[in-house]
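Here is a brisk report on one protein model. Look over the sequence and the coordinates, then read on.

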Amino acid sequence: TSVALGFFNMALRSNLNVEQFWLSYLLVLVKLGEVNKARNIFKQAKEMGFEGSRFAELEKQLVNQSGNSNPLKKSVNALIELCKKGEIDEAGRRGNERLRSFPDNPETYNLLGTVSSLLTDHYSSTTHFKRAVALKPNFLQACFNLGTEFNKLERYEEAIACFSKAITLNPFFCEAHNNLG
């Protein structure tokens, strides 16, 4: 979804007069929990003269959501901060706790895969990255991370498949191209 956000943003900037570009961009922002940003973009769309039933429905959604009400996003951000501070074991413990509340969240599995990799537990990391990709097949970063772990385990055919998929998802993903040689 974050990749889609970039594409919708680019589409919107290329032509501000296409209603669907505004709506798609706004819907992805809401899905990612970026409610405050969505409200600001919605305001710009209204100033541009966009209105109608789909905008009215979206406005109701935005009014009914608070800006920081996404507990999953807060949780994932907290895990990232722990990793940045070098508190890898604590990040792993909290990540596993998060899975009890959000058992089908690919971002949490991706983070747990990263934590396992930092702890040089490459077998566990591949399990977590595989789960992230199973839950969200177009999860670019998890595909790439899985390929990186397969490389470390000298499972090169699987690594190539992961890097190739990452390039399919984003043809401009230089790191995946570099890993293919």
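## A buried leucine

At 5% relative accessibility, Leu23 falls under the 20% limit and so counts as buried. The model is a predicted one. Leu23 sits in helix α2, which covers residues 19-31.

What does Leu23 touch, leaving aside residues up to four places away in sequence? The partners are Arg54, Phe55 and Leu58. A further distance places Leu23 relative to Ala45. These two are 22 residues apart along the chain, and their C-alpha atoms are separated by 9.0 Å.

## Overall build

The protein has eleven helices and zero strands. Read from the N terminus, the order of elements is α-α-α-α-α-α-α-α-α-α-α. Along the principal axes, the C-alpha atoms fill a box of roughly 55 × 35 × 25 Å.

The chain counts 181 residues, and 39% of them are buried. The exposed area of the protein is about 10,400 Å². Carbon and sulfur atoms supply 53% of that area. Now take the contacts with a separation of 6 or more. Residues 24 or more positions apart account for 50% of them.

## The α7 and α8 pair

Two packed helices are described by the angle between their axes and the distance between the axes. Here the pair is α7, residues 106-118, and α8, residues 122-135. Their axes come within 8 Å and cross at roughly 165 degrees. Angles over 145 degrees count as roughly antiparallel, and α7 and α8 are therefore roughly antiparallel to each other. The crossing of α7 past α8 is left-handed.

Which residues make the contact between α7 and α8? From α7 come Pro106, Tyr109, Asn110, Leu112, Gly113, Thr114, Ser116 and Ser117. From α8 come His122, Ser124, Ser125, His128, Phe129, Arg131, Ala132 and Leu135. By class, the contact of α7 with α8 holds six nonpolar, nine polar and one charged residues.

## His122 in α8

His122 belongs to helix α8. Is His122 buried or exposed? With 17% relative accessibility, under the 20% limit, His122 counts as buried.

Residues up to four places away in sequence are again set aside. His122 then touches Ser117, Glu149, Lys152 and Leu153. Ser117 is also one of the α7 residues in the contact with α8. Glu149 and Lys152 fall within α9, which spans 140-152. His122 thus has contacts with residues of both α7 and α9.

## Two loop residues with positive phi

Where in the chain does Thr120 lie? Thr120 is in the loop between α7 and α8. Thr120 has a positive phi of about 55 degrees, although it is not a glycine. The relative accessible area of Thr120 is 58%, over the 50% limit, so Thr120 is exposed.

Glu154 lies in another loop, the one between α9 (140-152) and α10 (156-169). Glu154 is not a glycine either, yet its phi is positive, at about 60 degrees. At a relative accessible area of 59%, Glu154 passes the 50% limit and is therefore exposed.

## Recap

The protein is built from eleven helices and zero strands. Leu23 in α2 counts as buried, and so does His122 in α8. Thr120 and Glu154 are exposed. Helices α7 and α8 are roughly antiparallel to each other, with a left-handed crossing.

Terms used:
Residues are numbered from 1 along each chain as its sequence is written. This is a predicted model: local features need pLDDT of at least 70, side-chain atom pairs count only at pLDDT 80 or more; totals for chains, interfaces and linings use all residues. Side-chain values use heavy atoms; hydrogens and water are left out. Axes are lines fitted to C-alpha atoms, for helices over the stretch in contact, and angles run from 0 to 180 degrees between N-to-C directions. Helices (H or I, at least four residues) and strands (E, at least two) are DSSP runs, numbered from the N terminus. Angles under 35 degrees count as roughly parallel, over 145 as roughly antiparallel, 65 to 115 as roughly perpendicular and the rest as oblique. A crossing is left-handed if the near helix is turned anticlockwise from the far one by less than a right angle, and right-handed if clockwise. Contact means heavy atoms within 4.5 Å. Ala, Val, Leu, Ile, Met, Phe, Trp, Tyr, Cys and Pro count as nonpolar, Asp, Glu, Lys and Arg as charged, and the others, Gly among them, as polar. Buried means under 20% relative accessible area, exposed over 50%, partly exposed in between (1.4 Å probe, protein chains only). Accessible areas come from the Shrake-Rupley method with a 1.4 Å probe; for residues, only the protein chains shown count as cover.
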